Structures are given as C-alpha cells and as structure tokens.
Amino acid sequence: MAAVIATHDLKKNYRRIEALRGVSLVVETGEIYGLLGQNGAGKTTLIKILLGITRGWRGQAELLGHTAGTVAMRRRVGYLPEDHHFPDYHTAFSLLDFYGQLLDLSRAQRRQRIPLELERVGLVPRMHTKIRGYSKGMKQRLGIAQALLHDPDVIFLDEPTDGVDPVGRREIRNILLDLKGQGCTLFLNSHLLSEVELICDRVGILQKGRMIREGDIKSLTQQKGRFLIGLAQGQQMPLADLQSRGYQIAPLGERWEVQLEEQQNIDPVVDLLRAQGLSIRHLVEKRQSLEDMFVETVQEGNKGRT
Ligand SMILES: Nc1ncnc2c1ncn2[C@@H]1O[C@H](COP(=O)(O)OP(=O)(O)OP(=O)(O)O)[C@@H](O)[C@H]1O
Ligand SMILES: [Mg+2]
C-alpha cells in the first residue's frame, strides 16, 4: 500500500511555543487515521502543515507523494476545519456553489454535485435557506459537504462531530465509513473517543507535540494476559485447583477474571475446565475502552516528564 500521508521528525514552533517536537507518522491509502491528544497537543497544527496553511516547519511532511503544501495537491484533498465560520448570508447551496467555483468546478459539475453532497449530509430540505438560521449540527454537516464537494482522495476532518447530536453523529459516522468503502483516506482529529473507536483503523496520541503512542485500536485496547471466563449456568469454577496451579483468578459478576503471569498461557486453564466436564460459555481477552487507554497513556506521559 502507498503512503498517502507521511511525516518524519516534523517540528513547528510558534515563537517560543513548540507545537510539534518531531512527529513521525504514516497513513496508508484507504485508512481512517485518528489523531488524538489533549487541547493544545498539536493536532490542528499537523493538519495545517500538511495542507500548506501553516508554514515555517522543519523535518519532512508529504502528502500524496509530494512535499506538503503544494497547490496541485490541495485539489485532491478535502478539509473540514475546526471552528469554521462560513459567511452566514449564504445558503448551503450558494456557499457550495461559491466553493465549487474556487475549486474550478464547471457550472454543470456544480449543479450535479452540490445536491448530491447536500443529500449525503441530509441538508437538502434547507439548502435554499440562509446559514444564519442553521443549528450547530447543520453547520457542521454543511462543512462536511464542503469538504467532499470535489470528490477528494484524502479528507482531513478536524472535530467532524463537534456539536452534533447522537443521531447526527451516527449519520456522520456512516458517511465516513461509506467514504472509506469507496477507497478514500480519512484523517481525523477528535476528542470523542467512543466514536473514534468505532471508526478509526489506527490512532496516534500526541502529547505536547510528541507522538507518545500509536497503533491499531485492537492492540491498543488489549489488556495483555487478562481473560474473562464464563461457565454454563450452575457450574462451579474450580478455584482451588486453578490457584494451586499458580493461576490468579477472581470472580467478576457472574464470570471470572484470570490474570496470567508472563510465562503463563490460557490454554491449560481451558484444558483443566474441560477435563472436569465443565462447559465454557464465554472466553474473551479483556479490553479497555479507548478512553481508558488514552487517559492512562496521557497520565503516564505526564509522569514521565515531571
Ligand atoms: N497561530 C498560532 N500562533 C501561536 N500559537 C499557536 C498557533 N496555533 C497553535 N498554536 C499553539 O500551538 C500549540 C498546538 O496547538 P493546536 O491548535 O495544534 O492544538 P490541538 O491539538 O489542535 O488542540 P485542540 O484540541 O484544542 O484543538 C498550542 O500551544 C497552541 O497554543
Ligand atoms: Mg485543534
């Protein structure tokens, strides 16, 4: 797979503020990548560098195989900025018509694409009324339609569901998954981790301008060596047997939690239960939520720095 986004040792200072202190990341074609981090971590700065909005950076930053910031590249990229303020005397239709002209779309292309994109975000019924009267969620949907107008290959979304209600968030999530299905690459910044967990293939955590953790959701949320076991109703867990073999096991609701030591494996536990004629109804490796993982990682990062 080809890298769509690649940075290496990317640094950016705003006078004395070190917004990025050497960030390296790679996003492959067709991936949904989520960049997480506390306020001020450098997420927006990274997007703005890739799009050529922020200059004066050091290191390497490439988008679609070219150095970030070239005008030709921007035609292939969609962008939903955080805290966007569209001129509110426009209607959704006239705003997209204006953006379409900036993107050099012909009149015929604009006529064809604008209703399609507004349909996608559910704004057709209000497309000829002024933005002034839109709710926050409607403005956000319009921002997404704007980012998709020219059928880009890569889409940057800075807080795409900011201010959107739960139903709308689900709709936006489905839109993003559809885009992924069509082969788009998506890069998003978000604080809504429960959502990121459902959408992203991979995430990176920025802390004070450094990438402190990166990986796919599954491996980041895995709790190594912790298993939950459930037996058929009425069956007793042979606790004493397991403990005498050196397994740490404790009840958790109607199930049992096994914490393996470094050299232990879950298979002998299963063998022992089966040998005793017990029926295993449930066996999973425990996971933590992305939010738990995030908070833990950020707190560890803070400790490491003090
Ligand atoms: N134009 C600017 N001038 C001066 N400092 C800036 C500018 N833009 C960003 N910064 C600083 O750079 C750091 C990173 O900011 P950035 O906006 O990239 O963070 P973020 O991770 O997007 O935060 P948030 O989650 O709040 O959107 C912050 O300390 C911020 O104050
Ligand atoms: Mg930001």
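The questions and answers below deal with a predicted model, and they ask how some of its descriptions follow from computed values.

Q: Why are α3 and α4 called oblique to each other?
A: The axes of helix α3 (residues 92-102) and helix α4 (residues 107-120) come within 10 Å and cross at roughly 130°. Angles over 145 degrees count as roughly antiparallel and those from 65 to 115 as roughly perpendicular, while the rest, once angles under 35 are set aside as roughly parallel, count as oblique. The crossing at roughly 130° therefore makes α3 and α4 oblique, and the handedness of this crossing is right-handed.

Q: What makes the residues of α3 and α4 count as meeting, and which are they?
A: Two residues are in contact if their C-beta atoms, placed from the backbone, lie within 7 Å. On this basis Ala92, Phe93, Leu96, Asp97 and Gly100 in α3 meet Arg110, Ile114, Glu117 and Leu118 in α4. By class, the residues of this contact divide into 5 nonpolar, 1 polar and 3 charged.

Q: What makes β12 and β14 edge strands?
A: An open sheet is formed by 4 strands in the order β12-β13-β11-β14, with antiparallel pairing. Both β12 (248-252) and β14 (280-287) have a single partner strand, so one side of each is left without a neighbour in the sheet, and this places them at the edges. From one strand to the next, the twist averages 25°.

Q: How do you know that β12 and β13 pair?
A: Two strands pair if DSSP finds at least two bridges between them. Here 5 bridges join β12 to strand β13 (residues 255-259), and the two run antiparallel, so the requirement of at least two bridges is met. Within this pair, Leu252 has Arg255 in β13 as its bridge partner.

Q: How do you know that β1 pairs with β2 and with β4?
A: The requirement is again at least two bridges. Strand β1 (residues 3-14) is joined to β2 by 9 bridges and to strand β4 (residues 58-63) by 5 bridges, and in both cases the strands run antiparallel. Lys11 has Arg21 in β2 as its bridge partner, whereas Ile5 stands opposite Leu63 in β4. The hairpin of β1 and β2 has 2 residues between the strands, and in this hairpin Arg15 takes a positive phi near 50°.

Q: Which element supplies the largest share of the shell around ligand 1?
A: The largest share, 3 residues, comes from α1, while β2 (17-28) and α1 (43-51) each supply at least two residues. The residues that surround ligand 1 include Tyr14, Ile17, Lys43 and Glu82, and by class the shell has 4 nonpolar, 6 polar and 2 charged residues.

How values were computed. Residues numbered from 1 in each chain as written. Chains lettered and ligands numbered in written order. Predicted model: local features only at pLDDT ≥ 70, side-chain atom pairs only at ≥ 80, totals over all residues. Axes fitted to C-alpha atoms, helices over the stretch in contact; angles between N-to-C directions. Left-handed = near helix turned anticlockwise from the far one by under 90°. Nonpolar A, V, L, I, M, F, W, Y, C, P; charged D, E, K, R; others polar. Near = placed C-beta within 6 Å.
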